[in-house]
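Q: I have a model in front of me and would like to learn how to read it. Where do we start?

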Amino acid sequence: MEKAVRAYAEVLRLVRRLPKESRGYYAKYARENFVNYREVDPADSTTLDDLFQRTYNHSLWVLSKYSVDKSAADKLKGICCCT
């Protein structure tokens, strides 16, 4: 659970790097996605690892879409991609 909260907080920090007019949409999108998966069994490490990897990959895609340097997501990578 702690890892999910850290990932969510980092995603919201990344949203602040987006253009002002798109921030609300992506902040809401991120919240909805984290809420949708809150019932995932914490003992199911494979599912959790997949969700964290998707979190990172989707964040990279959004950053790329708005021409934000991918290195902005380095901290998120450390949270999501390393056990």
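A: Start with one helix and its buried residues, where buried means under 20% relative accessible area, exposed over 50% and partly exposed in between, with a 1.4 Å probe and protein chains only. In H1 the buried residues are Ala 7, Glu 10, Val 11, Leu 14 and Val 15. They lie on the same side of H1, because they cover an arc of only 150° around the axis, the arc being that of the directions from the helix axis to the C-beta atoms.

The model is predicted, so local features need pLDDT of at least 70 and side-chain atom pairs count only at pLDDT 80 or more, while totals for chains, interfaces and linings use all residues. Residues are numbered from 1 along each chain as its sequence is written, and side-chain values use heavy atoms, with hydrogens and water left out.

Q: What do the buried residues of H1 pack against?

A: Contact means heavy atoms within 4.5 Å. The buried residues of H1 pack against helix H2 (20–36), helix H3 (45–65) and helix H4 (74–80). Helices (H or I, at least four residues) and strands (E, at least two) are DSSP runs, numbered from the N terminus.

Q: How many residues has helix H1, and what does it reach from its first C-alpha to its last?

A: The expected span of a helix is 1.5 Å times one less than its number of residues. H1 runs over residues 2–15, has 14 residues and reaches 20 Å, close to the 20 Å expected.

Q: How is a pair of aromatic rings described?

A: By the distance of the centres and the angle of the planes. Rings of Phe, Tyr and Trp (its six-membered ring) pair if their centres lie within 6.5 Å; planes under 30 degrees apart count as stacked, over 60 as edge-to-face and the rest as tilted. There are four aromatic pairs in the structure. Tyr 25 and Tyr 29 form a stacked pair, because their ring centres are 6.2 Å apart and their planes are at 20°. Both lie in helix H2, four residues apart, about one turn of the helix. Ring pairs link Tyr 25, Tyr 26, Tyr 29 and Tyr 66 into a cluster.

Q: How many disulfides does the structure hold?

A: A disulfide is a pair of cysteine sulfur atoms within 2.5 Å. The structure holds zero. The sulfur of Cys 80 has its closest cysteine sulfur in Cys 81, 5.9 Å away, too far for a bond. Cys 80 is buried, at 4% relative accessible area, whereas Cys 81 is partly exposed, at 31%.
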